[in-house]
Amino acid sequence: MLFAKSKPSLIVVIATLLVFSLVVTVLSEGYGTGVLSTSFIKTLGKTLCLCLAALAMDLVWGYAGILSLGHMAFFALGGYMIGMWLMYARTAEIVTTALAGGGLPATPAEIQDGITSQIFGVVGTSELPFIWGFAHSFPLQMLLVVLVPGLLALCFGWLAFRARVTGVYLSILTQAMTLALALYLFQNDSGLRGNNGLSGLQNLPGLSSTSQDSLSIWFFWASAAALGLAYLLISWVVSGKFGSVIRAIRDDEARVRFLGYSVEGYKLFVFILTAVICALAGALYYPQAGIINPAELAPTASIYLAVWVAIGGRGRLYGAIIGAAFVSLLSSWFTGGRAPSIPLVFGTLNWVDWWQVLLGLSFVLVTLFAPKGIGGLFDSLAGLHSPNRRGAPLGPNDGSLQEKEALK
Amino acid sequence: MTALLEVSGACVSFDGFRAINNLTFTIGPQELRAIIGPNGAGKSTFMDIVTGKTRPDSGSVMFGEKSTSLLKLSEAQIARIGVGRKFQRPTVFEDQTVTENLTLALKAARCPWRVLIWRKARADVARIADLAAQVGLADHLARKAGELSHGQKQWLEIAMLLAQEPRLLLVDEPAAGMTPAEREHTTALLVDIAKTRAVVVVEHDMEFVRRLNCKVTVLHEGAVLAEGSLDHVTKNQQVIDVYLGRGE
Ligand SMILES: Nc1ncnc2c1ncn2[C@@H]1O[C@H](COP(=O)(O)OP(=O)(O)O)[C@@H](O)[C@H]1O
Ligand SMILES: [Mg+2]
C-alpha cells in the first residue's frame, strides 16, 4: 500500500501494538502463564481506550487547532449508552431466573417490573424512563453509542463554530458543556440513576459462565483492535489534502476562507468525527471499569486528556498514544498507593496527594521547554529537525530567517 | 461590455468613522485596474467589502453575468464563485510545503467529503509544477513556505491565486518587500494575467503603476477622487493636492 509506505511510523505503531497484545495475552491469567493479574489486564485495556481518546484529541486539537476541553463528555456518554444495555440485559437475566424459581414462568409485565425495581429502586423511580426504550437491544443501543454523542457534537459545534467562537472562548464553552452534562446526570430524575451511575458493567449478558480472566483479554484485544483501526483511519484522514486543510485552518483560518473552504464545515466534521471516536473508546472502556457515574464527566477529565496529548506531543499521532499511555499508567501507579511515600523533614511526601502537583508541574515544564512533547524526542532521534521559529521576522532582505535563528 | 464587478453607493463606518463613503466602482471581465491613494484612503477596506470580510452599511456589490449580490454570501462562497485575493502581508501557510500550499489553492471541490477522498492526479502535479515555474519557485516545491524569502512568499501567494483560477483578482500591494528585478517580473505577470481575467492592483509605488499601463482609480477618504489614465489623474489638481502634493 502506497499510503503505508509513505508513513513509516504507521507500520511501527501497528507492529508494536500487535506484539504488545500478544505478549500481554501470553502473560495473562485467562490465556497464559498468569504473570499479569486480571485486574492489571483490565488496567492495560482501559489504557488502550484512553490512548484512543487521546488520538481523537490530537486530531481535533493538534491538527485542527480546536482546543476542546469537553471530549471526555463524549467518552462518558458512549460509556453510558453501552452501560444501559449491559445493565438492562444482565438485570433481565437475573430477574427472569429469580421469577422462574417460583415454578410458573413469569409474564413479560412481571419481568419488566422486576427489572425496573432492580435498576431504579435506588433512585425511587417505579417506571422505566423513556430513554431506556432501546436498552433491551444491543444493536439499537450500540447505534445510540454513536448517535447521542454525535448529535450532541453536531448541535454544540454548529452553534459554536457558526458564531465563530475560537480559542480560549471555545475551550471555556466546551468545559461548560461537560460540566452542565455532569450536573444534569447527577440528578436522580435524569433517568440514569443520578450519582449512583451504572454498575456491574463488567458482566456480559449471556456470558455468566465466562470468567473475568477470559473476558478481560477479549476486551483488551477489542481495545487494541479499535486503537489500531482508529490509528489507520486518522493517519489516512490527516495524510492527504484534508489534513492540509485542517492544519491550514489551525494556522490561519481567515486565509483558508478566502481560498473557498468553509472553515465551519471542516471544524464541524472534525469535531463530530472525534466525538464519535471518543464515544466508541468510552463504550470499550466502561465494561472494563465496571462502573460509570457522572463524576466521569468532570471538567478535569477533559483537561487531563489535553495534558496527555501535550506531554506526548501534539500534531503527531503516535505522540498522543505515548502521552496517554505513559501519563495514565504512571498516574494509576502513583494514585494506587503502590508508590512508596517519601519521609521528609517536615512530614511525609504522600504520592496520592502530590502526584497531581507533579503532573501539573511536568505539564508546565513540557510546554515551556519541550513544546513537541515526548514525541518530539523520537523526531530528534530520527534526525528530523526543524528550526525553532520563535521571534520576529527579520524583513525582506534576510529572507526566511527569524530573529533567533539568525543570531546563531 | 458588461461589468464583472459593480460596487455602487457602498458605505462603511468603523465606530462612526467613515472608512468608505458612497463608493462606486466598476470593472470589466478582462481588465487591469490600479487603485492608488494615500494611506488610510480605504483601499484595503474596499477589498474587504468585495471579499465578504467586511459588510457595508449600505450600497450594493454585484458580480458576474447574473449579477449575483455578494452581500449575502460568506467569504468562502465568494471565493468559490471566482474572487481571489492577495493580502497586503504575504499570508501563506508557513508550516506546509510550497506544493501543499499550491494544492490547497488548486481549483477543485471544496466540501469536506470530496476533499477527504481527493487524490492528486497527474494533471494536478503538472499544473502545480507549471504554476511554480511561472513564479520562479520550481526549485522550491518541497521546501516549507516559511523558509522562503519575503519576495518568494509574495510570489507563492500570487501562484496560489492563479491556482484558484478566479475571474476577479484583488491584489493588495504586491510589490512590497520585492527587489526592483522582482517588481518588474511581477508587473509583467500581472499584465499577462489580466488578459484573461479582471485584476485590481493596489499599489503605492508610482513606477510600478506606470509599468502596469492601465486605467487608474484614485481613492481619497473612502470615495473615488479621479479615474483615468495615470497621466490624466496626475494632472488633476485635486489629486495633486491630496496625494501627490505631499511628496509621495
Ligand atoms: N477594522 C477596522 N476598525 C476600525 N478602523 C478601521 C478598520 N479597518 C480599517 N479602518 C480604518 O479605515 C481607514 C481605511 O483603512 P484601509 O482600508 O486599511 O486604508 P488603506 O487605503 O491604507 O488600505 C483607516 O483610517 C483605518 O484606520
Ligand atoms: Mg492597505
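Which residue forms a salt bridge with A:Arg255, and how far apart are the closest N and O atoms? The exercises below work up to this pair and beyond.

This is a predicted model, in which local features need pLDDT of at least 70, side-chain atom pairs count only at pLDDT 80 or more, and totals for chains, interfaces and linings use all residues. Residues are numbered from 1 along each chain as its sequence is written, chains are lettered from A and ligands numbered from 1 in the order in which they are written, and side-chain values use heavy atoms, with hydrogens and water left out.

**Exercise 1. Describe the contact between chain A and chain B.**

Step 1. Count the residues. Chain A gives 29 and chain B gives 36; contact means heavy atoms within 4.5 Å.

Step 2. Take the area. The two chains bury about 3,000 Å² between them, with 61% of it on carbon and sulfur atoms. Buried area is the accessible area (1.4 Å probe) that two parts lose on being put together, summed over both.

Step 3. Find the main contributors in chain A. A:Lys241, A:Arg255 and A:Phe258 lose the most area to chain B, together 28% of what that side buries.

**Exercise 2. Work through the charged and polar pairs across the interface.**

Step 1. Apply the salt-bridge rule: a side-chain nitrogen of Lys or Arg within 4 Å of a carboxyl oxygen of Asp or Glu. Four such bridges link chain A and chain B. Over all chains the count is 22.

Step 2. Settle the opening question. A:Arg255 pairs with B:Glu157, and the closest N and O atoms are 3.6 Å apart.

Step 3. Place another pair. B:Glu75 bridges to A:Arg164 at 2.9 Å between the closest N and O atoms. This pair runs from helix H2 (residues 75-80) of chain B to the loop between helix H6 (138-162) and helix H7 (167-186) of chain A. Helices (H or I, at least four residues) and strands (E, at least two) are DSSP runs, numbered from the N terminus.

Step 4. Count polar contacts. The interface holds 11 residue pairs, both at pLDDT 80 or more. A polar contact is a pair of N or O atoms within 3.5 Å; within protein, one must be able to donate a hydrogen and the other to accept it, and residues adjacent in sequence count only if both atoms are side-chain atoms.

Step 5. Assign chain A's side to helices. H8 (212-239), H9 (241-258) and H10 (263-289) each supply at least two residues. H9(A) gives the most, with 13 residues.

**Exercise 3. Map the surroundings of ligand 1.**

Step 1. List neighbours (a heavy atom within 4 Å). Among them are B:Phe14, B:Phe17, B:Gly42 and B:Lys43.

Step 2. Check the polar atoms. Side-chain polar atoms lie from a ligand oxygen at 3.5 Å for B:Asn39, 2.8 Å for B:Ser44 and 2.5 Å for B:Thr45.

Step 3. Find the largest share. H1(B) supplies three residues of the shell.
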